[in-house]
Amino acid sequence: MTTQRELDRMLGDFFLDGTDELADRVLDAALDQIEDTTQRRPMWAPRRFSPMNLPLRFGMAAVIAIIAVGGALYIFRPGSSVGGPGSSVPASSAPTPAPTAQNPLIGTWTTGPTTCAQQNAALAKAGFTAAQLQSDGWDAATCAGMKHGSAFRLQFTNTLLVFYQDGVAGWTGTYQAVDGQTFKAGDSSTLYITYHYAIVGDQLTIDMVADTLPTASGGEQLGEDIAQTVIYETATFTRQP
Amino acid sequence: MDRDLVEQAQRGDREAFAILARSHGDRLMAIAQRILRDVGRAEDAVQQTLVIAWRELPSLRDPDRFDAWLQRLLVNASYGEARRSRAWNAHIRVLPVDGQGGPDESLSLDNRDRLERGFRRLPPDQRAMLVFTHYLGLSPTEIAERLGIPVGTANSRLHYAHRAMRAAIEADERTVTVARGGSR
């Protein structure tokens, strides 16, 4: 029987052997390749983390305080049906409020038909250059024959995310809501794509911010990024009943 | 120093990135070769990692985490290399690995051979756990953070990797014992 201590020692010794030096030709090849590689600007960069100036900070704080105080006054106002003495409706028959802790993404969200101009605008807003788009075979005149579709639908269940392009299921994966503005998705046990989202009323906007599972080639990754941008960022999604 | 270079490289400075690549290249190679057990595939994984790192560098939010981020990219690239050559890891004739320092005297050839065969049977994610644990000396918590996986997953992978390595060693020991017993 091999004890854990013996195994640890054997493995420690085992890994002492091996190559510890990267050949210059490999480094040079990588650096040559980098000469022709454009850095991918994160889509979140220009839109997020812009510093708030001082008056705006105070303004935001004041608005939040007013909403908080107003909400508290509303809930605890005299005659409120929430356990108040003036309530004429028995508590047991009062309508139950919807659970607020539920994942707000769950449900079906759709865009209307989007135009090629809208898709091009989304790609430009996300920071893709004309050269990048061209290298992926994206022609702005036809949006590559609208190859990613026109109308998009997202279905979120507790764990699954399915998106449809013009009514056809294009991808099924798993996802997880990280917080009130972030969810992650992936097509395996690894949730490798991070999205930011915002829900206002029945409107959902999504912004793909990172893809941490590198694909085999730069070309594949670029095509993936373009598709993601077209599908998720061309238009606002509307919640369906 | 790294932080300044990373920030410069994030702004598109290729010279700064070249310095980073030179200073981190050897370590990346050492890790990849130990995971993949193949110098050629390890070189491919490192080259791919450096190119992806350059391309994705602007999305790295904390420049101080460059090293950990780079290692995560390397592990993902190594997984890709391993997937592309799934058949290579089984039924392979194990040859001694020539390291710069030569084979370690404290590990017998029998044991080295058993470990090599056992290791090559492991899936890439368990190999990475063993390398990060026994070569880099990181704890499961540190590895989980570095690879972006839950701590429980890291512990579980390490547990199964150790179990598989122990089983490989002991199965080989039994085979050797039986073979020697049968030859009497």
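**Chains A and B: contact, cores and a disulfide**

User: In this predicted model, how much area do chain B and chain A bury between them?

Analyst: Of the area buried between chain B and chain A, 57% is on carbon and sulfur atoms. The contact takes 56 residues from chain B and 48 residues from chain A. The buried area comes to about 4800 Å².

User: Which residues of chain B lose the most area to chain A?

Analyst: The side of chain B that touches chain A draws two or more residues from each of several elements, including α3 (39–56), α4 (66–84) and α8 (151–182) of chain B. Three residues of chain B together account for 14% of what that side buries. They are B:R55, B:R61 and B:R166.

User: Which residue of chain A meets the side chain of B:E56 in a salt bridge?

Analyst: Between chain B and chain A there are 22 residue pairs in polar contact, counting pairs with both residues at pLDDT 80 or more. The count of salt bridges between the two chains is four. In one of them, with an N to O distance of 3.0 Å, the partner of B:E56 is A:R40.

User: Which helix gives the largest share of the largest nonpolar core?

Analyst: The largest nonpolar core has 63 residues, and B:F17 and B:L130 have the most contacts inside it. Eleven residues of this core come from one helix, which spans residues 14–36 of chain B. That helix is α2 of chain B.

User: Which residues of chain A does B:F17 touch?

Analyst: Residues up to four places away in sequence are not counted here. Within chain B, B:F17 touches B:A9, B:L50, B:A53, B:W54 and B:L57. In chain A, B:F17 touches A:L31 and A:I34.

User: How many residues are in the second, separate core?

Analyst: In soluble globular proteins, nonpolar side chains tend to be buried together. Besides the core of 63 residues, there is a second, separate one that includes A:F156, A:W171, A:L222 and A:Y232. Its residue count is 32.

User: Which two residues does the disulfide join?

Analyst: A search of the whole structure finds one disulfide over all chains. Its S to S distance is 2.2 Å, which is within the 2.5 Å cut-off. The joined residues are A:C116 and A:C143.

User: How far apart in sequence are the parts that A:C116 and A:C143 tie together?

Analyst: Both A:C116 and A:C143 are buried. The torsion about their S-S bond is about 95°, so the disulfide is right-handed. A:C116 lies in helix α4 (residues 116–126) of chain A and A:C143 in helix α6 (residues 143–146) of chain A, so the parts tied together are apart in sequence by 27 residues.

Notes
Residues are numbered from 1 along each chain as its sequence is written. Chains are lettered from A and ligands numbered from 1 in the order in which they are written. This is a predicted model: local features need pLDDT of at least 70, side-chain atom pairs count only at pLDDT 80 or more; totals for chains, interfaces and linings use all residues. Side-chain values use heavy atoms; hydrogens and water are left out. A nonpolar core is a set of buried Ala, Val, Leu, Ile, Met, Phe, Trp, Tyr and Cys residues joined through side-chain atoms within 4.5 Å. Buried means under 20% relative accessible area, exposed over 50%, partly exposed in between (1.4 Å probe, protein chains only). Helices (H or I, at least four residues) and strands (E, at least two) are DSSP runs, numbered from the N terminus. Contact means heavy atoms within 4.5 Å. Buried area is the accessible area (1.4 Å probe) that two parts lose on being put together, summed over both. A polar contact is a pair of N or O atoms within 3.5 Å; within protein, one must be able to donate a hydrogen and the other to accept it, and residues adjacent in sequence count only if both atoms are side-chain atoms.
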